[in-house]
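Trainee: Could you take me through one part of this model in detail? I'd like to look closely at how the two chains meet, and then at what sits behind that.

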Amino acid sequence: MRIVNRISIVREKCIGCGVCKNKCPFGSIKIENKKAEIMDSCSLCRACANVCKFGAILVEGEDAAFNTSDRHEGIWVFAELKGGTVPRVVLELVTEAKKLASTLDTEVSAILPGYNVGQAAQTLIKFGVDRVYIVDHPALKNFSNDTYAKIIIDMVRSYKPDIFLFGATVCGRSLAPRISSALNTGLTADCTQLDIDPQKRILLQTRPAFGGELMATIICPHSKPQMATVRPGIFEAVQPLHINKGKIIRPEVCIPDSRIEILKCFEDAAEGFDITKAEIIVAAGRGMGHRENLLLVEELAAILGGVVGATRAIVDEGWIERCHQVGQSGSTVSPKLYIACGISGAIQHMVGLKSSSVIVAINKDADAPIMRIANYAFVGDAIEIIRALINEIKSLKQNQAEF
Amino acid sequence: MTEAKLDREANTIIREGVVSIINPYDIHAVEEGLRIRERKGGSVTALSMGIPCVVEMLKQVIAMGADNAVLLTDKAFAGADSLATAYTLSKAVEKLKEFDIIVCGKQTTDGDTAQVGPGLAEKLGVPHITNVVEIMELEDDYAECRRAVDKGWEIARVKLPAVITVEKDINTPRFPSIRGIRNMLKPNIAIWNADDINAEHDRIGMKGSPTQVVKTFIPQSKAAAETIMGTPVEQAKKMISIFDELHIKVRER
């Protein structure tokens, strides 16, 4: 029998209030003759069903058929290495995993494939990892999503973790979906928040969604492990004061040949620039109008001794290089001062700057999302305000010089 | 005969005005497939899972020069997460038989999980590389690619058949050609449903998706601590006082 997944309006209960229509991220609901109607473009995200107060939206169909009869236990963190050392994002994940583990009364393990990883293992133990699973072999010196995936998939099948976290780095974003696909389990990318559902004791994975105006909380209730990736800088890495002695485990694994060979790596010399270390950032968005207007932003940044930041929109337009991008697919920054010029505030951008000490936003629209998270919201034309600001600063300096 | 295929996920739908567009990354994937054909011969097939009107977008891809296209469309595919999508695409690839390279856009601009490419490769049992910005060398049994990594670049060689996911930087997509537009009039587009690809029903659509959205919400927004109006000069002065409070020194330019 064919299974049909269907969402429909219970017309007797629908009063045509339109709340569902506004909630639909895909514009798939229309109100006709005071009744809601769901169109073919619906993707079954169920955002509408979640908000209907009248029980007028019916979702039929079955949930995922995956069964986990086996008991799964423990939180795993993939310990990616960079130049033989543990990058900060892994320690951030370990700190977060410890919090989740304490709610679930379970342990945190790090999965550490590589070569000569003894030092890295000790670092992980210092951050409170209860167990480190090490696969130490010359063939694993360089990351290969081919061999690493196979080894880790075997380990998951043997040890059955409940939750498995990865940094959303280039490696993590390549490796995690390969593993989740092999295990037929769920993976949520770029989570900004992780919690444990107190009743179901499952992971609640929150991330920006649907073009950036909503947050979505996602669960993976029927299959294990529950997998998630998290961008660097979302969580904090904290070395605990007291730790239990961590155990090192060296499982016997088969190390397959890699179908991928890394021939050469090189850092982009021109991009020695690291925006995540900047104390002052002056960032530009589409509201700056034209690429030429970036010169104003650059000038202001230089005057303040800061650097230029950018939204994804202007990077995609080619106004500025990717290394300046702040946000979910750019960098997470934590400056003393973040000045957002002509930026409306898509969630994916704001996620990158929420750790700023002070946020100043300049936008024509007083209701733009960024104006609501800013400490100071300047309503006006960013170009005019920055010009006036630069002039004011220059004339102040001149006055000072004249004394 | 060598064959290059392209994959694309369902399109993006923007709200008011309901405009559907091809995922921008995938247009670059199509273009790269066409360039691979120019280098090595073979045929280019575009593959997409989506709602019926996606066939119009596949016509655009034919107009660019793809030899043929396949649209996977079925109510049963709705509600698919990246695992169910990867599975569905893999069943279609199996039906299409042999391939040398599958080119995917790195991610979609709505979900932007970048999970379908790697997930598809795993289902097909082939290796994959992500974030490719240039295919430097292409032989029958391997591809050597430059990829963008966290702080620079890497050159990796992958054995074929393989899946590669591409960045927008990889190429500049062409406009449709005259021949392409002519082909669009009688496009070679197959439309397949779940039965056509022998998809197991509990692995597609909502049923085949281990992840589910349990709630969506607008994040907490408070009013800005302080809203400043006035003329640009007045606002500039206020901003300078903020810099003073934060002990930010201004520098000579």
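**Where the chains meet**

Mentor: Sure. Keep in mind that this is a predicted model. Let's begin with the salt bridges: across the interface of chain A and chain B, the rule finds two. One of the pairs to pull up is D316(A) with K168(B), a salt bridge whose closest N and O atoms are 3.4 Å apart; the cut-off for that N to O distance is 4 Å. Now look at what else lines chain A's side of the contact with chain B: by class there are 51 nonpolar, 24 polar and 30 charged residues.

Zoom out a bit for the overall extent. On chain A, 105 residues are in contact with chain B, and 94 residues of chain B are on the other end of those contacts. The size of an interface is often quoted as the accessible area lost when the parts come together. Here the area buried between chain A and chain B comes to about 8900 Å², with carbon and sulfur atoms giving 57% of that. As for polar contacts between the two chains, the count is 27 residue pairs, both residues being at pLDDT 80 or more.

The backbone joins in too. Strand β12 of chain A, residues 214-219, runs antiparallel to strand β12 of chain B, residues 212-217, and five bridges join them. To find the register, put M215(A) on screen: F217(B) in β12(B) stands opposite. Strands in a sheet pair through backbone hydrogen bonds, and they can do so either parallel or antiparallel.

For the parallel sort, move into chain A. There you'll find an open sheet of seven strands, ordered β9-β13-β8-β5-β6-β7-β14, with parallel pairing. At its edges are β9 (187-191) and β14 (247-249) of chain A, each of which pairs on one side only. Going from one strand to the next, the twist averages 25°.

Within that order, pick out β5 (residues 75-78) and β8 (residues 163-167) of chain A, a parallel pair joined by three bridges. I75(A) is a handy marker, standing opposite I163(A) in β8(A). Then add helix α6 of chain A, residues 170-183: this helix lies across β5, β8, β9 and β13 (226-230) of chain A, and runs at about 155° to β8(A).

One last stop in chain A is the hairpin. Four bridges join β2 (residues 29-32) to β3 (residues 35-38), and the two run antiparallel. I29(A) stands opposite I38(A) in β3(A). The hairpin has two residues between its strands, and N33(A) in the turn has a positive phi of about 50°.

Note on methods:
Residues are numbered from 1 along each chain as its sequence is written. Chains are lettered from A and ligands numbered from 1 in the order in which they are written. This is a predicted model: local features need pLDDT of at least 70, side-chain atom pairs count only at pLDDT 80 or more; totals for chains, interfaces and linings use all residues. Side-chain values use heavy atoms; hydrogens and water are left out. Contact means heavy atoms within 4.5 Å. Buried area is the accessible area (1.4 Å probe) that two parts lose on being put together, summed over both. A salt bridge is a side-chain nitrogen of Lys or Arg within 4 Å of a carboxyl oxygen of Asp or Glu. A polar contact is a pair of N or O atoms within 3.5 Å; within protein, one must be able to donate a hydrogen and the other to accept it, and residues adjacent in sequence count only if both atoms are side-chain atoms. Ala, Val, Leu, Ile, Met, Phe, Trp, Tyr, Cys and Pro count as nonpolar, Asp, Glu, Lys and Arg as charged, and the others, Gly among them, as polar. Two strands pair if DSSP finds at least two bridges between them. Axes are lines fitted to C-alpha atoms, for helices over the stretch in contact, and angles run from 0 to 180 degrees between N-to-C directions.
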